[in-house]
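Dear colleague,

I am handing over the structure we spoke about, and I would be grateful if you could look through it before reading my notes.

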Amino acid sequence: NAADNGDTVLVSPGVYREQLRLAGKQITLASRFLVSRDKKDIQRTVLDASISRDGKIISGNTPITVAADAGSGTRIVGFTIRNGGDGIICYAKIEISHNHFINNGDAIDYESGGGICRANTFEKNRDDAVDLDGASESVIEDNMMLNNGDDGIEIRLHKYSGKMLNIVIRRNQIIGSGEDGIQIIDYPDKSNRIIRIERNVIAQSKMAAIGCMANGNTAENYEAADIPERIEVINNTLVDNHYGITGGDSLLALNNIIVGTKKIALKQVDGNSVLAFNLLWDNEVD
């Protein structure tokens, strides 16, 4: 609270049981990793939302909330964030990088926020690693998303008609998701968005590597929804998923490797979609 606009708040190693709200200015909130580049500083600097109830440790509130008026230069760097209802709820466009999220609900819940989500590790969160709602716009790159309970990345295409929103998902490893690696959820009316999914590894998803759902439904049923927004799926490796890519009416699948799919590699990717130069191998149905 005492920091001025543009300040860095450098946090010493320890376990902190607090709820922070970043609002009205842009600051860098970071562990000593910011200056040391020692990953042990990420492990040693912990924001823990767990609370004790009836002798049991349960997940508590959200450790960090970023208000819509936080400046675009705001950064959250180098923490272990664990046991939250959500890890970070973000209403602004900021940088979230080099953090380790474990056992939260959604690790990062963007509510018409976004910005840069880079080089984080998301592990065993109960819901999604990254959840984008409202008019969110983000670059999600170079992250590890391991064994999260629902989706690796969930994108809700809420009604929106402003400037084009670009959601870029690149160079991530999304492995062992309890539902979909990436789930895209449609709502009535076409919105002004482009989603680009490139150079990711999506493996061992319990359901679809990339699943398209309709009418706000997040419970994967392989309906392969006819989403009209442009979805670009380029240079990805999809391996050992239950389904590969399901749905999309304006989906470009170019130069992907899709192998070891237990059911269908490409289901109802139709309408104005284009599939070209993909390698399909050892799928039950291509």
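What follows is a description of what was found, going from the whole chain to single residues.

Please keep in mind throughout that this is a predicted model. The chain holds two helices and 34 strands. Its radius of gyration is 19 Å, close to the 19 Å that the globule rule gives for 286 residues, so the chain is as compact as a globular protein of that length. Taken along the principal axes, the C-alpha atoms fill a box of roughly 55 × 40 × 40 Å. Of the 286 residues, 53% count as buried, and among contacts between residues at least 6 apart in sequence, 50% join residues at least 24 apart.

Turning to the strands, you will find an open sheet of eleven, with parallel pairing, in the order β2-β5-β10-β13-β16-β19-β22-β25-β28-β31-β34. At its edges stand β2 (14-16) and β34 (279-281), and because each has a single partner strand, one side of each is left without a neighbour in the sheet. From one strand to the next, the twist averages 10°. One pairing within this order is that of β25 (residues 201-203) with β28 (residues 237-239), which run parallel and are joined by three bridges; here alanine 203 has valine 239 in β28 as its bridge partner.

A further set of parallel pairings involves β14, β17 and β20. Four bridges join β14 to β17, and aspartate 109 stands opposite aspartate 131 in β17. On to the next pairing, β17 and β20 (residues 153-156) are linked in the parallel sense over three bridges, where the bridge partner of aspartate 131 is glutamate 154 in β20. In a regular strand the side chains alternate between the two faces of the sheet. In β17 (residues 130-133), Val130 and Leu132 point one way while Asp131 and Asp133 point the other way, and all of them are buried.

Which residues touch the most other members of the largest nonpolar core? In this core of 55 residues, they are Val66, Val130, Ile153, Ile155, Ile182, Ile184 and Ile245. A second, separate core has five residues, including Ala30, Leu34, Ile42 and Val77. As for isoleucine 153 in particular, its contacts, leaving aside neighbours within four places in sequence, are Val130, Leu132, Ile140, Met145, Ile169, Ile174, Gly181, Ile182 and Gln183.

Two buried residues may help you find your way around the interior. Tyrosine 110 lies in strand β14 (residues 106-111), and it counts as buried because its relative accessible area is 0%. Not counting residues up to four places away in sequence, tyrosine 110 touches Cys90, Ile96, Ile116, Cys117, Val130, Asp131, Leu132, Asp133, Ser136 and Ser138. Tyrosine 110 and tyrosine 91 are 19 residues apart in sequence, and their C-alpha atoms are 6.2 Å apart in space. Threonine 246, for its part, belongs to strand β29 (residues 243-246) and is likewise buried, at 0% relative accessibility. With residues up to four places away in sequence again left out, threonine 246 is in contact with Ala208, Ile210, Gly211, Cys212, Ala224 and Lys267.

Cysteines appear in both of those contact lists, which raises the matter of disulfides. A search of the whole structure finds zero of them. Why does cysteine 117 form no such bond with the closest cysteine sulfur? That sulfur, in cysteine 90, is 9.9 Å from the sulfur of cysteine 117, which is too far for a bond. Cysteine 117 is buried, with a relative accessible area of 0%, and cysteine 212 is buried with a relative accessible area of 0% as well.

Finally, two loop residues deserve a look for their backbone angles. Alanine 119 has a positive phi of about 60° although it is not a glycine; it sits in the loop between β15 (114-118) and β16 (121-123), and at 26% relative accessibility it counts as partly exposed. Asparagine 235, which is not a glycine either, also has a positive phi of about 60°. The place of asparagine 235 is in the loop between β27 (230-234) and β28, and with a relative accessible area of 22% asparagine 235 is partly exposed.

With best wishes

Notes
Residues are numbered from 1 along each chain as its sequence is written. This is a predicted model: local features need pLDDT of at least 70, side-chain atom pairs count only at pLDDT 80 or more; totals for chains, interfaces and linings use all residues. Side-chain values use heavy atoms; hydrogens and water are left out. Buried means under 20% relative accessible area, exposed over 50%, partly exposed in between (1.4 Å probe, protein chains only). Contact means heavy atoms within 4.5 Å. A disulfide is a pair of cysteine sulfur atoms within 2.5 Å. A nonpolar core is a set of buried Ala, Val, Leu, Ile, Met, Phe, Trp, Tyr and Cys residues joined through side-chain atoms within 4.5 Å. Two strands pair if DSSP finds at least two bridges between them. Axes are lines fitted to C-alpha atoms, for helices over the stretch in contact, and angles run from 0 to 180 degrees between N-to-C directions. The radius of gyration is taken over C-alpha atoms; the globule rule is 2.2 Å times the number of residues to the power 0.38.
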